[in-house]
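This report goes through one protein model, beginning with how far the coordinates can be trusted and then moving to particular residues. Please keep the sequence and the 3D view at hand while reading.

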Amino acid sequence: MLRRRIPISSMTSPKTPTTALRISPGRTHHRSSLTSCALLREGNLQSFIWALQVFLNFMNRKAPQTVLTDQNMHLKEAVQKELPNTKHALSIGLIASRFPSWFNAVLGRHYNDWENEFYRLHNMESTMDFDLGWSDMVSCYGLHGNRHIASLFASRKLWASPYLRGHFLAGLAALPGISKIKDFIQRLLSAQTCLSRLIEQVAVVVDYKDQAGEQQIAQQNSENTILKTAAPVEGHAAAVFTPYAFYELQDELVEAAHYAYFHLEGNAFLVRHHTKTDGGCNVTWNQKEELISCSCQMFESSGILCRHALRVLTTLNYFQIPDHYLPVRWHRTQPQPSKSLIGGPDHGRSYERVKALQSMVSVLVSEAGKSEERMDLATQEVSVLLSRIRQQPVVPNVSENR
């Protein structure tokens, strides 16, 4: 948990001097999660430094591998000072949210074509191809001298995929949810919402995301997953991975069928698209240790095996994905209930009752958050119920007395 990619974004209300600094440890299992949120009165360097210091103390001084932020310059300086050994990246989702205001008037009817070209360049594998393509794009759309284009290119090492390969991002760099949560909190701050109300609303959002992830897992468990290939590794992935991780790997596996495979020498292989006559990715396979690596570094960046590595594994008649490439963060196994409910013959029924209660509480919070009156009523009734529950004696399981 301490070594994940951590997205951080800052936002300032135009009506108040308060700045919100959001820190979240990224995606694990079937959802992304929010662990802390700091409200800063001033969005200056000292405030961000203080917030990061408090966060590091909370995390037992264990810095993350990668930090994803918006383009706030004070936050960038604070990250450089307090997290010197952490890779700093910019969220392309937050950057792209500004494109309409930056380029709509400049490009007019060519805006959509330019945006498609931008994302094509963003997803390229080679930094050299990215730089050359960027130069062609600037010339094609007449963007010489545009300050936003110049700024984007100057900071490309912080957001462009070719420059971030090998740095673990868990597939969250372009997640739209980051900007949506930022917009949500911004609206609350703009309305000068009191702190207690802000906390309540953030809790509703987090709880909603938890419910969505659990429902997705339940749906995957109850339905037959649609397999798109005849490769046994696809079925293996479907049985192990969360929906997000499985569909990401499934896409790579489908694409792997379009790639040619060349055994160079020893443990070295060359994999390239069947329509290409040169280039490609270099794949190395260590059969004894069951370790595979690819020059595209997709696994190192996202935790998902790339099409090139999958092409080699399937050609070598591997019917399952090696354990090393099944990160625990992508397992759909749910956390076990508390120890007091484990061990007895009725464990399965107890677990289902816990899940049912959690679902009811989730609905309660969601409904209560729709108005002040509902929240007051829910708080009052839950307080009474909690008091009654605490008066009940705790009877240990029979298995605990053995």
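Over residues 1-5 the pLDDT stays under 50, and the model has 22 contacts beyond four places in sequence for this stretch. Residues 398-402 also have a pLDDT below 50, with six contacts beyond near neighbours in sequence. Where pLDDT is low, the predicted coordinates should not be read in detail. The model is a predicted one. For the protein chain, the mean pLDDT is 78, and 68% of the residues reach 70 or more.

## Overall make-up

The protein chain contains 16 helices and eleven strands. It has 402 residues, of which 42% are buried. Among contacts in the chain with a separation of 6 or more, 58% are between residues 24 or more positions apart.

## Cysteines

How many disulfides does the structure hold? The count is zero. A disulfide is a covalent bond between the sulfur atoms of two cysteines. For C294, the closest cysteine sulfur is that of C296, and no bond is assigned because the separation of 3.6 Å is too far, the cut-off being 2.5 Å. C306 is likewise in no disulfide; its nearest cysteine sulfur is that of C296, 3.6 Å away. C294 counts as buried at 10% relative accessibility, and C306 counts as buried at 3%.

## Cavities

The whole structure has two cavities of 30 Å³ or more. The largest cavity holds about 60 Å³ of space. Rolling a probe the size of a water molecule over the atoms shows where empty space is left. Both C294 and C306 belong to the lining of the largest cavity, together with I292, S293, Q297, M298, F299, E300, L305, A309 and Y325. Two elements, β11 (291-294) and α13 (298-302), give two or more residues to this lining. Sorted by class, the lining comprises eight nonpolar, two polar and one charged residues.

## Helix α14 and the residue after it

A309, one of the residues lining the largest cavity, is buried in α14, as are H308, L310, V312 and L313. An α-helix has 3.6 residues a turn, so residues three or four places apart point the same way. The cover over the buried residues of α14 includes helix α12 (243-256) and the strands β8 (259-263), β9 (268-273), β10 (281-286) and β11. Strand β11 also contributes to the lining of the largest cavity.

Just after α14, N317 takes a positive phi of about 65°. N317 is in the loop between α14 (307-315) and α15 (347-368). Most residues other than glycine have a negative phi, and most peptide bonds are trans. N60 is another residue that has a positive phi, of about 60°, although it is not a glycine. N60 lies in the loop between α1 (45-58) and β6 (66-69). Are these two asparagines buried or exposed? N60 counts as exposed at 59% relative accessibility, and N317 counts as exposed at 54%.

## Selected residues and their surroundings

Which residues does H148 touch, not counting those up to four places away in sequence? They are W102 and F103. H148 is found in helix α7, and it is buried.

R156 is placed in the loop between α7 (147-154) and α8 (161-164). R156 is in contact with F130, D131 and Y163, leaving aside its neighbours within four places in sequence. Although it sits in a loop, R156 is buried.

L39 is found in strand β5, which covers residues 36-40. With a relative accessible area of 34%, L39 is partly exposed. Its C-alpha atom is separated by 9.0 Å from that of A51, and the two residues are twelve apart along the chain.

The table lists relative accessible areas for several of the residues discussed above.

| Residue | Relative accessible area | Class |
|---|---|---|
| C294 | 10% | buried |
| C306 | 3% | buried |
| H148 | 14% | buried |
| R156 | 15% | buried |
| L39 | 34% | partly exposed |
| N60 | 59% | exposed |
| N317 | 54% | exposed |

Conventions
Residues numbered from 1 in each chain as written. Predicted model: local features only at pLDDT ≥ 70, side-chain atom pairs only at ≥ 80, totals over all residues. Heavy atoms only, no water. Buried < 20%, exposed > 50% of the residue type's maximum accessible area, 1.4 Å probe, protein only. Helix = DSSP H or I, 4+ residues; strand = E, 2+ residues; numbered from the N terminus. Contact = heavy atoms within 4.5 Å. pLDDT = per-residue confidence, 0-100. 1 Å grid on protein atoms, 1.4 Å probe; cavity = no way out; pocket = protein on both sides within 12 Å on 5 of 7 lines; lining within 4 Å. Points joined across faces, edges and corners; volume = space filled by probe spheres on them. Nonpolar A, V, L, I, M, F, W, Y, C, P; charged D, E, K, R; others polar.
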